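Colleague: Please take me through one part of this model closely, namely the paired charges, and then go on to what surrounds them in the fold.

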Amino acid sequence: MAMAKENGQRLREAGKNPEKRRKAALLFVIFSNIAILFFLKYINFAINTVNGIASWFGVESGIFSGFSWLVPLGISYYSLTLIGYVADVYFGTAQPQFNPGKLALYGLFFPTMVSGPILRYREDGGQFFAAHPFDFKQVAQGMQRMLWGFFKTLVISERMALVVDTVYGDYNKYTGFYIWIGTVAFAFQLYTNFSGGMDIALGISQTFGLKLPENFDRPFFSKNISEYWRRWHITLGVWMKEYVFYPILRSPLFTALSQKTRMKFGKKRGKQITTFTGMFVLWFAVGIWHGGDWKYIIGSGLLHWFYIVSGELLEPWSIWLMDKLHINAKSRGMDVLRVIRTFFLVNIGFVFFRAASVGDAFKMLRGALETGNIQEVLSGGIFALGLDWIEFTIGAVSLLILLFVSLLQRKGSVREKIAARTLPVRWLIWYALLFYVILLGYYGPGYSAAEFIYQGF
């Protein structure tokens, strides 16, 4: 009874104070959205974790974990988009939208429903309500980008999926070098599927005159993990930093932690401890956003936190060692080695991401260290992974096309470069790509193309 009276008093006080009402509204929207997400996507994960911890101590919790919900498509994307909108309005960085129809148009814009990108109202919201007269160039370039997205998803990603499903479907059979082949294939499957979906979504939006934020910037050319996450799923990284990481570091708890650690360990080391602790929360959130399973929390979250923290702590030793060995840290060769190293580390995370469970991921990583079947692979065993030599050749050529275009993108828009060519050359390029997709893509009767991988998140 006393608690009820106290809560009632707080509500009455908040009603008299506009700032408290605004803060109460902000917290209500945030926690209600998180609560809906939790019960729809993570309730089984939470129960299974409790049951697992109880079993370690020999206790049977008896909590039922078989809840099944009809999860709305794209809920993780528009939930973050709308939470960001409310936060921006609260902090005064965006003007409120009082028309519910316009707000729904922004928050539930259909091309972004499947797999993003995650929008920010102060940067992307205004264009949804502005006039957009017909622009032939925008329509043409939007359709061109959609075609490039179909090339990635239907020609490359679907072929890589056959290799990945073969290896990961029976990893006890395909050990050693086969696991690395399957994992690298998954890296390209995931990238072409996700970035291809983005090309389609952004291409559709461009035909309407809307410029949505980019979500990828050639991530496999990254020289370290921090750079990789600035290039991969860009809008998620930006959202997490702005609405999770920075507020955490500014919170009273972390402010007090920063003061204590600086007094005890010194300014530099104390700042590192506070920052790394905040980063731990950030990467846990990134991991669990991908799905209610520890394999996502590790493979897409905490493992990358470990990479970044280790890299920062070991950087002075790395500089000292290269100086002693007279290695030019800025040479092109070192940059190539850094790219290979980063791609390798990312692929270890992809093993967790794609495996059925954390246990299976560790078994696959252990099996990947076996080298007994390399000779079998080199002698033609690779064609036992779901692709015959014709399909393998098409996949390899398509990946080379993707690599060539990615290299061209370093110097600007490829579409603009093509548009500067003569009419016959332009038509030859785009029609060649169109028929390449039509003739070599995986779709149509007798074949069921896979869904966009990230629409499940």
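Modeller: What follows begins with the charged pairs, then turns to helix packing, backbone geometry and a surface patch.

Since this is a predicted model, local features are reported only at pLDDT of at least 70 and side-chain atom pairs only at pLDDT 80 or more, whereas totals for chains, interfaces and linings use all residues. Residues are numbered from 1 along each chain as its sequence is written, and side-chain values use heavy atoms, with hydrogens and water left out.

Side chains of opposite charge can pair when their charged atoms come close. The structure holds 13 salt bridges, a salt bridge being a side-chain nitrogen of Lys or Arg within 4 Å of a carboxyl oxygen of Asp or Glu. One residue to start from is Arg120, which forms a salt bridge with Glu123, where the closest N and O atoms are 2.8 Å apart. Arg120 has a relative accessible area of 15% and therefore counts as buried, while Glu123, at 49%, is partly exposed; buried means under 20% relative accessible area, exposed over 50%, and partly exposed in between, with a 1.4 Å probe and protein chains only. Arg120 also forms a salt bridge with Glu242, the closest N and O atoms here being 2.4 Å apart. This second pair links distant parts of the chain, as Arg120 sits in the loop between helix H4 (100-107) and helix H5 (121-125) and Glu242 in helix H9, 122 residues apart. Helices here are DSSP runs of H or I with at least four residues, numbered from the N terminus. Glu242 counts as partly exposed because its relative accessibility is 24%.

Another salt bridge joins the side chains of Asp165 and Arg354, at 2.8 Å from N to O. Asp165 lies in helix H6 (residues 136-169) and Arg354 in helix H13 (residues 332-354), so this pair ties together parts that are 189 residues apart in sequence. Both partners are partly exposed, Asp165 with a relative accessible area of 42% and Arg354 at 25%. As for shared partners, salt bridges join Asp88, Arg120, Arg122, Glu123 and Glu242 into one network.

The helix that carries Glu242 leads on to the packing. Two packed helices are described by the angle between their axes and the distance between the axes. Helix H9 (residues 234-250) packs against helix H11 (residues 267-290) at an angle of about 140 degrees, with the axes 10 Å apart; the axes are lines fitted to C-alpha atoms over the stretch in contact, and angles run from 0 to 180 degrees between N-to-C directions. H9 and H11 are therefore oblique to each other, because angles under 35 degrees count as roughly parallel, over 145 as roughly antiparallel, 65 to 115 as roughly perpendicular and the rest as oblique. Within H9, Met240 is buried at 4% relative accessibility, and its C-alpha atom is separated by 8.9 Å from that of Trp283, 43 residues apart along the chain. In helix H6, which holds Val163, a comparable description applies: Val163 is buried at 8% relative accessible area, and the C-alpha atoms of Val163 and Ile181, 18 residues apart along the chain, are separated by 8.2 Å.

The backbone deserves a look as well. Most residues other than glycine have a negative phi, and most peptide bonds are trans. A cis peptide bond joins Gly116 and Pro117, with omega about 10 degrees, and Pro117 is found in the loop between H4 and H5, the loop that also contains Arg120. His233, in the loop between helix H8 (225-231) and H9, has a positive phi near 45 degrees and is buried, with a relative accessible area of 0%. His326, in the loop between helix H12 (294-324) and H13, has a positive phi near 60 degrees, but at 73% relative accessible area this residue is exposed.

Finally, Leu423, Trp427, Tyr431, Leu434, Phe435, Ile438, Leu439 and Tyr443 make a nonpolar surface patch of about 820 Å². Patches are made of residues with over 30% relative accessible area and no salt bridge, with like charges joined within 9 Å and nonpolar side chains (Val, Leu, Ile, Met, Phe, Trp, Tyr) within 5 Å, and accessible areas come from the Shrake-Rupley method with a 1.4 Å probe, where for residues only the protein chains shown count as cover. One of the patch members, Leu439, is found in helix H18 (residues 423-440) and counts as exposed at 66% relative accessibility.

Technical notes:
Helices (H or I, at least four residues) and strands (E, at least two) are DSSP runs, numbered from the N terminus.
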